[in-house]
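Here is a friendly briefing to read alongside the model. Keep the 3D view open and follow the topics one by one.

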Amino acid sequence: MKKMIFAASAVGLFVAGSAFAQDVEIGTWSGFRKGAVSFTFDDGAPSHVSDAGPLFDKYGYKATFNLVVNWSPDWSGFGNMAKNGHEIASHSNTHGQNMSGEEASSKQAIAGKIQQKYGIITLAYPNCNVPNESAVLQNYIVGRICNSGNSIVGKDGPSNWARVPAIMTGPNGSNDFKGPMGSVVSSNSWVSFLTHGFSGKNNGNANYSPTDIGLIEDALKYAQQNDKDIWVAPMGHVAMYIKERKASKAQASSSGSTITVQLTHNIKDNVSNYDYPLSLRVKYSGSTANVTQAGAKLESKINGGYVYFDAVPNAGEIVIAGEGSGPSPESSSSVIASSADVVKSSSSGGFGRSSSSRVGRSSSSMGFMSSSTDALPEDPSLLAVSVYRSADNYIMVNNAQGKSITVFNSLGHVVRTTRGIGCVQKVYTGAKGVYIVKVGTRTFKTSL
Ligand SMILES: [Zn+2]
């Protein structure tokens, strides 16, 4: 088959010639969001396991926890958090005045106790004193300092990865989370926060500048309300993303109705494999797409003339098969029970006046209500729950305060777990398709 280069704006109308760079783009931040925020916690406090981990899990976000090896952290508690997607990182062996000489040994000691997907790749300096920088960069992709002047890092990263700043929180630092979070959105940049323990909690050795954990919860609520714009991720993950984005080449070509994308980089530093997924979009005019990488299906979403998906660099060819050339998510949705569908008419039921419902009323009035597929719940507080699709393709869950929310894709895989916070909860799935949304014991079906 003659191979032609993907260049045209319409799929199916391909023009031979050089691939245009604009046909495939890598998002500045994951999910094509506008800014990145990392939360880091120092000293391995008991309250990090008992309070911070569950708080972040409740909102579906992940943070970075920097452990001091010789302070006997709760290895099993932090190990479970690592399994759950949090980043466990180093904060030295002894927490001496300057940790020079403990760069490699603290990493090895933690790696011997805790397995995690991307390894021990970041380090926070005790007492904010920078040790031997070359030893830092031989072992870590980030060395974190404390806030020095402007703590906002541009989209291309800091000038020195051994000196990545973070804003100290609590009485000896700042209690303003939303200000810096808003400013990274407007400047396409990255900010990190540095927290020790929490006021009124069991902090062990992490007793410096205890922060009101309610302020961190407010910050996570703010992130959730602005999930379309704010990417919350551990420091090491954001650093991998930046380095991969800057080093990766993405090239698209087409053959028949299939677009092939090569996503590669050649970073080598013996610290990280740089295999964190990058968010891509490719110009696309079809109404359905089946996206795979090395044969494995990727979640994808079509919006505004692009197909969006996340893919790992150097992990094989990405293939976007056009309409009619592969099973669409809808046609393979065998797990969905449709016979019991009852359309609820509660779109005006009790939300829309709070400040968090800025997207609520206009989008629910557009009629994208989802079907409830269950019998009446035993818990009467679940009766008011409704699920619908927003105009900008989010799953919206109403009146689910305090309830667990689990979103399954059409293949029955869990794509998001969270918990209802305000009266309107916005859930991002990243892909088009049919979804099953379980709220407490109730089940809804919706499609994006
Ligand atoms: Zn410390």
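**Strand β21 and its neighbours**

β21 and strand β24 (residues 424-427) run antiparallel and are joined by 4 bridges. Please keep in mind throughout that this is a predicted model. Taken as a whole, the protein has 8 helices and 26 strands, and 44% of its 448 residues count as buried.

- Within the pairing of β21 with β24, M396 stands opposite K426.
- Strand β20 (residues 386-389) is also antiparallel to β21, again with 4 bridges between the two.
- In that pairing, S386 has N398 of β21 as its bridge partner.
- Which residues of β21 (residues 395-398) are buried on each of its faces? I395 and V397 are buried on one side, while M396 and N398 are buried on the other, and both faces of the strand are therefore covered.
- As background, side chains in a regular strand alternate between the two faces of the sheet.

**The nonpolar cores**

- The largest nonpolar core holds 81 residues, and I88, V261, L280 and V282 are the ones that touch the most other members.
- Helix α7 (residues 235-247) supplies the largest share of this core, with 6 residues.
- Where does this core lie with respect to domain 1 and domain 2? Domain 1 (30-241) and domain 2 (248-321) both contribute residues to the core, so the core lies between them.
- Leaving aside residues up to four places away in sequence, I88 touches F65, L67, F78, M81, A82, I110, I114, Q116 and I120.
- There is also a second, separate core of 17 residues, with V397, V434, V437 and V439 among its members.
- V397 is thus a link back to the strand described above, where V397 is buried on one side of β21 together with I395.

**Helix α2**

- F78, M81 and A82 are the buried residues of helix α2 (residues 75-83).
- Why do these residues share one side of α2? They cover an arc of only 105° around the axis, and that puts them on the same side of the helix.
- S76 and K83 are exposed, and they sit on the face of α2 that is turned away from its buried side.
- The cover over the buried residues of α2 includes α1 (46-59), β3 (64-67) and β4 (87-90).
- F78, M81 and A82 are also among the residues that I88 touches.
- Just after α2, G85 adopts a positive phi of about 105°.

**The 4-strand open sheet**

- This open sheet has 4 strands in the order β1-β12-β16-β15, with antiparallel pairing.
- β1 (24-26) and β15 (300-303) are at the edges with a single partner strand each, so one side of each has no neighbour in the sheet.
- On average, neighbouring strands of this sheet are turned by 25° against each other, direction ignored.
- The partner of β15 is strand β16 (residues 306-311), with 4 bridges joining the antiparallel pair.
- Between these two strands, K301 stands opposite Y308 in β16.

**The 5-strand open sheet**

- Another open sheet has 5 strands in the order β10-β11-β17-β13-β14, also with antiparallel pairing.
- Its edges are β10 (249-255) and β14 (296-298); each has a single partner strand, so one side of each is left without a neighbour in the sheet.
- In this sheet, the average turn between neighbouring strands is 25°, direction ignored.
- At one of these edges, strand β13 (residues 290-293) pairs with β14 in the antiparallel sense over 3 bridges.
- Here Q293 stands opposite A296 in β14.

**T417 and contacts across the sequence**

- T417 is part of strand β23 (residues 414-419).
- Is T417 buried, exposed or partly exposed? With 14 other C-beta atoms within 10 Å, T417 is partly exposed.
- T417 and Y59 are 358 residues apart in sequence, yet their C-alpha atoms are 8.3 Å apart in space.
- Not counting residues up to four places away in sequence, T417 touches G60 and T406.
- Across the protein, 66% of the contacts between residues at least 6 apart in sequence join residues at least 24 apart.

Note on methods
Residues numbered from 1 in each chain as written. Predicted model: local features only at pLDDT ≥ 70, side-chain atom pairs only at ≥ 80, totals over all residues. Pairing = 2+ DSSP bridges. Axes fitted to C-alpha atoms, helices over the stretch in contact; angles between N-to-C directions. Buried ≥ 20, exposed ≤ 12 C-beta atoms within 10 Å, placed from the backbone. Core = buried A, V, L, I, M, F, W, Y, C linked by C-beta atoms within 7 Å. Domains from an automatic or database assignment. Contact = placed C-beta atoms within 7 Å. Arc of directions from axis to C-beta.
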